[in-house]
Amino acid sequence: MTPRTEKLEPPSDDKRWRIVQATMQRNGFERDGLIETLHTVQESFGFLDDDSLRYVAASLNAPLSQVYGVSTFYHLFSLKPAGKHTCVVCLGTACYIKGIPLLLKEIENEFGIKAGQTTPDGQLSLMTARCLGSCGLAPVAVFDGQIDGKVNVHEAMARLKALQEGDNA
Amino acid sequence: MKRPFKTRIKTLKIDGIDVGAREDETLLELAQENDIFIPTLCHLEGVHDIGGCRLCLVEVKGTNKLLPACMTYAEEGMEVTTNSERLQMYRRQVLDLLFSERNHVCSVCVSNGHCELQWLAGKLGISHVGVPYLYPQLSVDASHRFYIYDPNRCILCTRCVRVCDEIEGAHTWDVMGRGTDCLIISDLNQPWGTSDTCTRCGKCVQVCPTGALFHKTKAVAEMEKRRDFLPYLRTMREGRK
Amino acid sequence: MLERLEEIAATEQLFAEEFAHTVNVCMAAGCMSSQSGLIKEAFDKEIERGGVERRCRVRGTGCMGLCAAGPLVTVDSQTPDEVLYQQVKVEDVPDIINALEGQPVKRLQCSIDIPFFKRQKKIVLENSGIIDPERIEEYIARDGYSALLRAITEMSPSDVIDEIVASGLRGRGGGGYPTGLKWTTVAKSDGEVKYVICNADEGDPGAFMDRSVLESDPHRILEGMAIAGYAIGASQGYVYVRGEYPLAVARLKTAIRQARRSNMLGSGIGGTPFNFHVDIRLGAGAFVCGEETALIASIEGKRGQPRPRPPYPAEYGLWGCPTLINNVETLASVAPIVRNGGEWYAQYGTATSKGTKVFALAGGIRNTGLIEVPMGTSLRDIIYDIGGGISAMGECKAIQTGGPSGGCIPAAYLDTLVDYESLAALGSIMGSGGMIVMDESTSMVDVARYFMEFCMTESCGRCVPCRVGTVHMYNILDKFSRHEGTQDDLVLLEKLCDMVRNTSLCGLGQTAPNPVLSTLRYFRSEYMDCMIPEPDGAEIINETLEVAQ
Ligand SMILES: Cc1cc2nc3c(=O)[nH]c(=O)nc-3n(C[C@H](O)[C@H](O)[C@H](O)COP(=O)(O)O)c2cc1C
Ligand code: SF4
Ligand code: SF4
Ligand code: SF4
Ligand code: FES
């Protein structure tokens, strides 16, 4: 199939769709640009919902099931919105042997969520990363995008609680 | 992924028999021509191969890697063994793993007696499964007007995906997730019956080797698939080229 | 064109000499995560406040290697020895500035006269921590792009390949495939269009060499890729970078922009007819995309699932065209080889493994960080001398190399000289260079379980042995780690290891059993300790009774 040449009407007049369109255009609306496009959607909207997947599929002339298959193959893509705050714990080898499983367990117990989940109040999402490449500072965790090395379970827990309470207060 | 070869003839040995081959022929095609049996599951004549099930692995002298017959091309002077003790053991283990992955209780399956997985197990002499069952609980999709999809019997061979894409051109199916969480899904992981792309052609149902895709009207052990369907696909595909 | 480079280099030199002092703050990911960004700002402010702008400048540089002691700052006062400060905090900044003219601040100073620095041989990392990765001028001032220009103006493509062959360089992505041979094959493959891909997916947990090179010296990769493109006849390259490395991506983007502007990339490079463009493609969190055929699928916008080889990418790669795939570190070694000659490179290393290798030291070791040593350095020297020994109490128990595809080498083999063959003989692999030191508190069964969990969740799901086999192996290892293993489990585990290793489609499955096999080989007793105690006589009788019923 030949790629289309003009843009499709986006699902809404949200300005962020323009960024998405620009990415697709840069790749000549070819299917090869699917992953790049999904990255842009994820960056702009925080996650990939059905509407955006349909729109991307239609624009790139890609089968829906293929777009869904690609979105669920890669771990950085998320089909659900993340919580207001995020905590990513590194599960790399160095972090593992330096005690990250303890922190993970502690968070899971305290907030009642497992890795990949968000608290019911939508405040905190717990995620894991395969290796953040900061092994020299193991164990490592990322709080709201801020990477923190040599984390200590107590401090980390205090920090997370502060994040949660700070917003509820 | 066939390369545009100028047809040249290669001579090689399969299980000690001298055979001549065009260089665009795979070892599997050659074996079949010469009545040598190599078990397969993911291979489907007429669509491209993926080398996923690993049942067709053969030994080739000079390399200690086992090669998938369905995707290995004939080469001059090759000496191929298709059925050593070791290969048989690995093939039985592959089937073991497939049986353990989902839920294959043959006695209650529509394809009982007509299932390629079951048939191969008999043929390769499997009497019991040597690994614990994993038994995931997956929900059956009966939303389609004519067909039912039961992921509990799916072996992820992706024949349905390839036939629907390459022959029917609908690309209704694809695989989601990865590893053992892989699942065959239609469109945006929605009930098959709500799919806009499915033309209800039934090709996927015909080529499914197990009881994962079947006709609604079929009861236990009644689902026989039309095998003459496969050469038909091949002709169609060649017509398309 | 060479003259223009020399001109840029000379200007840069003059510019540097205007300042009596240069303060370098490490701005690589390691130190950045201990707030080195704030420290750089503090230096900027302090210098302005103290009115020493004309005599002192502040630069952000790449990784200085000793990540454990970060944030790191060096002060270069145009004297032979620079001063290295460790664990610098914002409060320390005024003291450092005040000390510029006098004696260094003792409490922060870290001696550079230690084995960590003295025993390294830096080729790939020659610029890391020394230049500002965001300025192409600094790269050029250190002979950057001279190798590329020499190659395209004075050498034929086959001359370039000859140098690579002579260097004995082998792929640093794990396999150790001879780079010269790979280049020759791609050069000979038929095809109008060919591609160069730099594999910067670096998925092994515990490895951060590639990240560091990208962050500290991105132009080196671009130069290596362009030389490769010239040698094999490609005019387009892609760098496939992990999505988890935003800083590396940003620096790479800047570098590509600058290189294009300086005519070191793009059309008609350096006034010759040679064209070479580089684009970045982002990974999205899938380890298996480091495998070359999966990587190609991913660049094509598909699920990153491998396909059987042959055909190899050298013949049938990206969009079906002949494609050269090399690792970051491999490509980073290319420019120095072309600049100094293959023989110069081959003087380092062992008979079968030439040159130097970058290792990422992590785990229970004192000097965690990045080092580069000649091949053939002993593990003991790396761990105890350069690495400063074990950080916690106790002894080194094992060294994990090669990540989930590698194995655990017990301390008894510390005197092994590191090269591709010696590590393979010990049941591990060189891998990409992650070295994780485990002390006595680490349980080997747990380590095996950890890696199997990794392979299980990273398996792409295409082939049966890896997709299902890893689940069963993980379940068994999990049983052992709960001290519930049985003899039957052990038998099944070993059977599965053999099967998955020999029948899987790609390297991920084929090597997934390695951590289990190597821990079984050296630490079998730990598995034994994780079994349910042998049932005594009474229980056996009960069991037979049950069966009889
Ligand atoms: C599962 C798997 C993961 C891999 N991951 C990487 C990786 O992260 N980085 C890399 O350079 N090579 C990786 N490789 C090796 C590549 O497939 C390929 O051999 C390498 O990039 C070739 O480059 P080289 O010859 O320069 O080593 C991986 C291989 C496998 C099987
Ligand atoms: S019935 Fe035909 S169109 Fe529908 S999913 Fe099956 S193969 Fe595709
Ligand atoms: S549904 Fe049938 S054809 Fe499709 S992957 Fe599963 S077993 Fe194969
Ligand atoms: S070995 Fe694993 S990762 Fe590789 S193709 Fe098979 S399932 Fe995919
Ligand atoms: S038939 Fe060849 S791998 Fe499945």
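**Notes on the model: helix H1 of chain C, the cores and two ligand shells**

1. Let's start with H1(C), whose buried residues (under 20% relative accessible area with a 1.4 Å probe, protein chains only) are Leu5(C), Ala9(C) and Glu12(C). Seen down the helix axis, these fall within an arc of 60°, taken from the directions from the axis to the C-beta atoms, so they line one face of H1(C). An α-helix has 3.6 residues a turn, so residues three or four places apart point the same way.

2. A word on the basis: this is a predicted model, in which local features need pLDDT of at least 70 and side-chain atom pairs count only at pLDDT 80 or more, while totals for chains, interfaces and linings use all residues. Residues are numbered from 1 along each chain as its sequence is written, chains are lettered from A and ligands numbered from 1 in the order in which they are written, and side-chain values use heavy atoms, leaving out hydrogens and water.

3. Turned away from the buried side of H1(C) are the exposed (over 50%) residues Glu3(C), Glu6(C), Glu7(C) and Leu14(C). The cover over its buried residues includes helix H6 (136–141) and helix H7 (146–154) of chain C. Helices here are DSSP runs of H or I with at least four residues, numbered from the N terminus.

4. Helix H18 (residues 444–458) of chain C makes a nice companion. Of its 15 residues, 12 are buried, so H18(C) is largely enclosed by the rest of the structure. Among the buried ones are Arg449(C), Phe451(C) and Glu458(C).

5. On to the largest nonpolar core (buried Ala, Val, Leu, Ile, Met, Phe, Trp, Tyr and Cys joined through side-chain atoms within 4.5 Å). Of its 144 residues, Tyr145(C), Trp183(C) and Phe276(C) touch the most other members. Helix H11 (residues 218–232) of chain C gives the largest share, nine residues. A second, separate core of 50 residues includes Leu34(A), Tyr68(A), Phe287(C) and Val288(C).

6. Ligand 2 is surrounded by 13 residues (a heavy atom within 4 Å), and the closest are Cys164(B), Cys198(B), Cys201(B), Gly202(B) and Cys204(B). Helix H4 (159–168) and helix H5 (203–207) of chain B are the elements that give two or more residues to this shell.

7. Around ligand 4 there are 13 residues, the closest being Cys460(C), Cys463(C), Cys466(C), Cys506(C) and Gly509(C).

Technical notes: Contact means heavy atoms within 4.5 Å.
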